[in-house]
Amino acid sequence: DAAPTTPKGTAPHTEGQFKAFQQFRRLSVAGLALGLAADYVVAAQLYACVRDDLPLIVVAELFATSFATAWAARTCLRPAIERALGLRGACGLALVCVSISAITAALHGSRHGHHIYLLAGRVCSGIAQPLLQLTFEGWQRAVHAHQSWPALWRRETMRSIGRSTTLAALLSGALSEVLYRLCDDRRAPLLMSAFVALVAAGLTVSTADAPVLGEAPLCGGDAEAGLGRFFEFPRDTSGGRSVRGAVVTAGAAIVDAAAAIALVAWAPTVSRADPDAPFGFVFSLTMAAAVAGTQVFGAVAASSKRFEHLAAACCATGGLAFAFLATQPAGLGAALAPFLAFQLALG
């Protein structure tokens, strides 16, 4: 029962341990990837579902509600949820919240004027975001440590996460658009994503759990985490305050704000350029641009330890993209190109 079942260099383990690891990896990675895919479908189709009933300012307020809830969940709610439900339970809650977000959007599509559904869904979406981004990783790390699995297996899990979440980002929008075209109903992909999120929750809660590693502070632990984490690489390592550190922190905040604006603005801008635009395909294109940017960053990171020039170029690209959008370009291609450039820089 002690024969090795993985390549050379792996620590000694039993066949039973390896089977348990494989099951956990499959179920936990599938739960995360399906949950992210469901969340991406809502992001891709939400505006198209509500644009005929809501003015743009109300749509912006809904997204602002989601952003504010995500910040609160990241800084205070997430540690409390993890303590109350455990890591696996918190991951399951995130997936249920994604399902509720999709269902409320679909309900609005069938009952125009019931904005309270959308508001509740945006709150659920905000709660789900940090749980999907942070708690899933913490749960997987805790299970690996609790089971004393070899470190190589942890790296294998991370590679599986990278591949599956990238596929979810690239394909979810396109598949949602195909489903909409087949059913001729914007609610169809939203209802399907709600079902997928519930399936993901079932997969997640059916596998191993582990206690939280260490005691995180109840509030403030992740206040600085976000899309601006790209800028953490050039931070001062001395821990002291400096002008350079202040500039980097301000840059990270600006990138976060620009990313939030882009998330709100891309669909209305595309809709104005072409009311019949394929929103799902457009969303997949923007995610592909972000993935491409991540690959470029990886190549630079492998050859250099200084990122200031690349960071400055990315900020300049984003600024030029928004400046071009301010001219309200005509045509779908002209409206989409700046968003693709920004997503490339953001990635």
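Before anything else, a definition: helices here are DSSP runs of H or I at least four residues long, numbered from the N terminus. With that in place, let me take you through this structure, which is a predicted model, and I will begin with a pair of residues to which the definition applies directly. R181 and E177 both belong to helix α4, which covers residues 151-183, and they sit four residues apart, about one turn of the helix. Their side chains form a salt bridge in which the closest N and O atoms are 2.9 Å apart. The two partners fall into separate accessibility classes: R181 is partly exposed, with a relative accessible area of 45%, whereas E177 is buried, at 0%.

Now let me step back to the chain as a whole. It has nine helices and zero strands, so that, because helices and strands are the elements being assigned, the order from the N terminus reads as α repeated, α-α-α-α-α-α-α-α-α. Of the 347 residues in the protein chain, buried ones make up 44%. If we take the contacts in the chain with a separation of 6 or more, residues 24 or more positions apart account for 80% of them.

Let me return to the salt bridges. How many does a search of the whole structure find? The search finds six, and besides the one in α4 I would like to discuss two others. In helix α2, residues 56-110, R78 and E82 are four residues apart, which means that about one helical turn separates them. R78 forms a salt bridge with E82, and the closest N and O atoms in that bridge are 2.7 Å apart. Are these two residues buried or exposed? R78 counts as buried, at 12% relative accessibility, and E82 counts as buried too, at 9%; the cut-off that matters for this reasoning is that buried means under 20% relative accessible area.

The other bridge joins the side chains of D185 and R187, at 2.9 Å from N to O. Here D185, with 24% relative accessibility, counts as partly exposed, and R187, with 29%, also counts as partly exposed. In this part of the sequence there is also a network to mention, since salt bridges that share partners join E177, R181 and R186 into one network.

Staying with α4, I turn to how helices pack. Two packed helices are described by the angle between their axes and the distance between the axes. For helix α3, residues 115-147, and α4, the axes come within 10 Å and cross at roughly 155°. Angles over 145 degrees count as roughly antiparallel, and α3 and α4 are therefore roughly antiparallel to each other. The crossing in which α3 passes α4 is right-handed. On the α3 side the contact is made by E137, Q140, R141 and H144, and on the α4 side by W153, R154, T157 and I161. Sorted by class, that contact has two nonpolar, three polar and three charged residues.

A second helix pair can be set beside it. The axes of helix α6, residues 243-273, and helix α8, residues 308-325, come within 11 Å and cross at roughly 35°, and α6 passes α8 in a left-handed crossing. From α6 the contact involves R244, V255, A258, I261, A262 and T269, and from α8 it involves E308, C315, F322 and L325. These residues divide into seven nonpolar, one polar and two charged.

Next, the backbone at two loop positions. Most residues other than glycine have a negative phi, and most peptide bonds are trans. S148, which is found in the loop between α3 and α4, is a residue other than glycine with a positive phi, near 55°. S148 counts as exposed, at 56% relative accessibility. Where, then, is D184 found? D184 lies in the loop between α4 and α5, the latter being 187-205, and D184 has a positive phi of about 55° although it is not a glycine. At 63% relative accessibility, D184 counts as exposed.

My last residue is T104, which is found in helix α2. T104 is buried, with a relative accessible area of 8%. Leaving aside residues up to four places away in sequence, which residues does T104 touch? T104 touches Y117, L118 and G121.

Technical notes. Residues numbered from 1 in each chain as written. Predicted model: local features only at pLDDT ≥ 70, side-chain atom pairs only at ≥ 80, totals over all residues. Heavy atoms only, no water. Salt bridge = Lys/Arg side-chain N within 4 Å of Asp/Glu carboxyl O. Buried < 20%, exposed > 50% of the residue type's maximum accessible area, 1.4 Å probe, protein only. Axes fitted to C-alpha atoms, helices over the stretch in contact; angles between N-to-C directions. Parallel < 35°, antiparallel > 145°, perpendicular 65-115°, else oblique. Left-handed = near helix turned anticlockwise from the far one by under 90°. Contact = heavy atoms within 4.5 Å. Nonpolar A, V, L, I, M, F, W, Y, C, P; charged D, E, K, R; others polar.
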